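Please look over the sequence and the model shown below before reading on. The paragraphs that follow start from a single residue and then widen the view.

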Amino acid sequence: MARGDYLGEFELMVLLAVIRLEDDAYGVTISREIEERSGREVSLGSVYAALERMEEKGLVTSRLGDPTAARGGRAKRFFRATSDGIGSARGTQKALVNLWRGLPQLDGGRA
Amino acid sequence: MNSRKPPRLANLLLERLRYFERNEALAGDLQEEFASGRSGRWYWRQALQVIGRGVRRNVASDWPGLIFVILVGYLPQLCCVLLLRRYLALSPRWLGNAATALVYVSLVVPLVRRRMKLPPLRVNAFLLLAYWIILLPISIAFDSAPLTITAEALILAAVLAVLGVKLAECPKPEPKWVAPPLFCAQCDEIVLQVELTDGRVIFLRPENLTGSILAAGDDGLVWAMFGRGASIETLRRALWLGCVGREQPVKVTDLSALVDEAADKEHVQQAFIVRWE
């Protein structure tokens with residue numbers, strides 16, 4: 001993984017949610033997944049901004065679903081992580097774990 | 001189906017500022033979440049965050065142009081103000097207000113015209129002249145501070161309104177580099193056929209670009225694609241450019257030129273516009 005290719009905190013959260021949701025990853029489910037698992041409220045606008053950035057980098061791809069009445073006749077945009085995206089998430093995890101390891105202050109929840 | 005209607009004003013703002021038009025999926029997501037029980041306050045918060053993000057992107061994408069226009073526009077205005085103060089002994093307050101308003105005007109022009117088709121210096125000279133031809137005689141003939149202040153305030157309000165709307169408008173989406181499906185009739189997806197030096201023909205796909213390049217085991221191919229340290233995004237654009245209007249396999253020796261072209265964003269945008277618009 002090249003220098004500067006690590007994901008930011010929010011991008012990583014969004015990418016992990018996309019990977020976890022598999023074929024059902026679109027704006028609403030991604031933001032709910034992040035809210036449920038992190039306890040942090042996220043805006044749909046910031047989720048889309050992160051997804052668009054990652055799509056430009058080739059970490060995710062998207063396709064449009066069918067329009068539904070519940071959405072005012074608008075289509076869902078489904079996202080899927082690419083192999084580069086999965087590799088990038090792994091690389092970021094590895095870097096974070098390496099930094100984490102051997103820090104007594106962070107062991108067992110002590111401050 | 002839940003028939004709750006989202007806050008009308010928030011919806012109107014997002015529609016008029018073209019966020020719904022340019023991101024249909026976001027519009028649908030907001031509607032779906034609201035229908036599932038989110039509050040009107042939540043909807044407003046989402047709408048304002050979307051607009052705030054748009055303002056930030058607009059400012060970020062235009063800031064060099066804005067600074068250039070302010071600098072180029074402000075200097076001649078400042079010179080005129082100093083000369084007029086010296087030779088006509090006009091009130092510094094009035095001149096100061098005029099200069100400030102003109103700086104605001106010079107901010108609006110590039111935003112309204114987007115790509116600054118007129119040279120900024122000429123635009124500013126024109127605005128300076130127009131502004132002073134209208135306001136200076138009013139001020140001198142009537143010698144009325146309230147009149148001058150009202151006229152200035154109206155101009156300033158109009159300028160700020162235009163500026164606000166232009167800055168809050170949804171940024172234009174950049175062309176996507178990955179072509180829509182059905183690009184290659186046989187494979188139903190975007191695929192570039194490459195003829196290697198030994199005569200073999202391989203397929204490069206955007207999703208597994210690195211893997212398929214390495215799997216081909218051809219030094220010429222590896223050098224053409226990775227030789228100049230191009231980013232993966234540039235390589236994907238090269239793949240897309242290679243596919244535009246091509247039915248025969250591209251020769252591996254031509255790939256370097258494609259990577260060079262893909263590094264030039266303007267070139268790729270132009271190719272995209274020609275092919276898809």
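Where in chain B is Asn23(B) found? In this predicted model, Asn23(B) sits in the loop that runs between helix 2 and helix 3 of chain B. Its relative accessible area is 12%, and because the limit for a buried residue is under 20%, Asn23(B) counts as buried. Leaving aside residues up to four places away in sequence, Asn23(B) touches Tyr48(A) and Glu52(A), and these contacts lead the reader from chain B to chain A.

The interface between the two chains can be taken up next. On the side of chain B, 27 residues are in contact with 30 residues of chain A, and the area buried between the chains is about 2400 Å², with 43% of it given by carbon and sulfur atoms. Asp29(B), Glu32(B) and Glu207(B) supply 22% of the area that chain B buries against chain A, which is more than any other three residues supply.

Polar and charged pairs can be followed across the same boundary. Six salt bridges are found across the interface of chain B and chain A, and the side chains of Arg71(A) and Glu32(B) meet in a salt bridge with an N to O distance of 2.6 Å. Between chain B and chain A, 12 residue pairs are in polar contact, counting those with both residues at pLDDT 80 or more. The side of chain B that touches chain A receives two or more residues from each of helix 3, helix 4 and helix 10 (232-243) of chain B, and helix 3 gives the most, with 10 residues. Sorted by class, this side of chain B has nine nonpolar, six polar and 12 charged residues.

The nonpolar interior also draws on both chains. The largest nonpolar core has 40 residues, and those with the most contacts inside it are Val14(A), Val18(A), Ile30(A), Leu51(A), Met54(A), Leu14(B) and Leu30(B). Chain A gives two or more residues to this core from each of helix 1 (9-21), helix 2 (27-38), helix 3 (44-56) and strand 2 (74-81), while chain B does so from helix 1 (8-16), helix 2 (19-22), helix 3 (24-35) and helix 4 (40-88). Helix 1 of chain A gives the most to this core, with seven residues.

Within chain B, Leu14(B) touches Tyr19(B), Phe20(B), Leu30(B), Ala47(B), Val50(B) and Ile51(B), again not counting residues up to four places away in sequence. Apart from the largest core lies another, of 26 residues, among them Ala216(B), Leu221(B), Ala238(B) and Val250(B).

Definitions and conventions. Residues are numbered from 1 along each chain as its sequence is written. Chains are lettered from A and ligands numbered from 1 in the order in which they are written. This is a predicted model: local features need pLDDT of at least 70, side-chain atom pairs count only at pLDDT 80 or more; totals for chains, interfaces and linings use all residues. Side-chain values use heavy atoms; hydrogens and water are left out. A nonpolar core is a set of buried Ala, Val, Leu, Ile, Met, Phe, Trp, Tyr and Cys residues joined through side-chain atoms within 4.5 Å. Buried means under 20% relative accessible area, exposed over 50%, partly exposed in between (1.4 Å probe, protein chains only). Helices (H or I, at least four residues) and strands (E, at least two) are DSSP runs, numbered from the N terminus. Contact means heavy atoms within 4.5 Å. Buried area is the accessible area (1.4 Å probe) that two parts lose on being put together, summed over both. A salt bridge is a side-chain nitrogen of Lys or Arg within 4 Å of a carboxyl oxygen of Asp or Glu. A polar contact is a pair of N or O atoms within 3.5 Å; within protein, one must be able to donate a hydrogen and the other to accept it, and residues adjacent in sequence count only if both atoms are side-chain atoms. Ala, Val, Leu, Ile, Met, Phe, Trp, Tyr, Cys and Pro count as nonpolar, Asp, Glu, Lys and Arg as charged, and the others, Gly among them, as polar.
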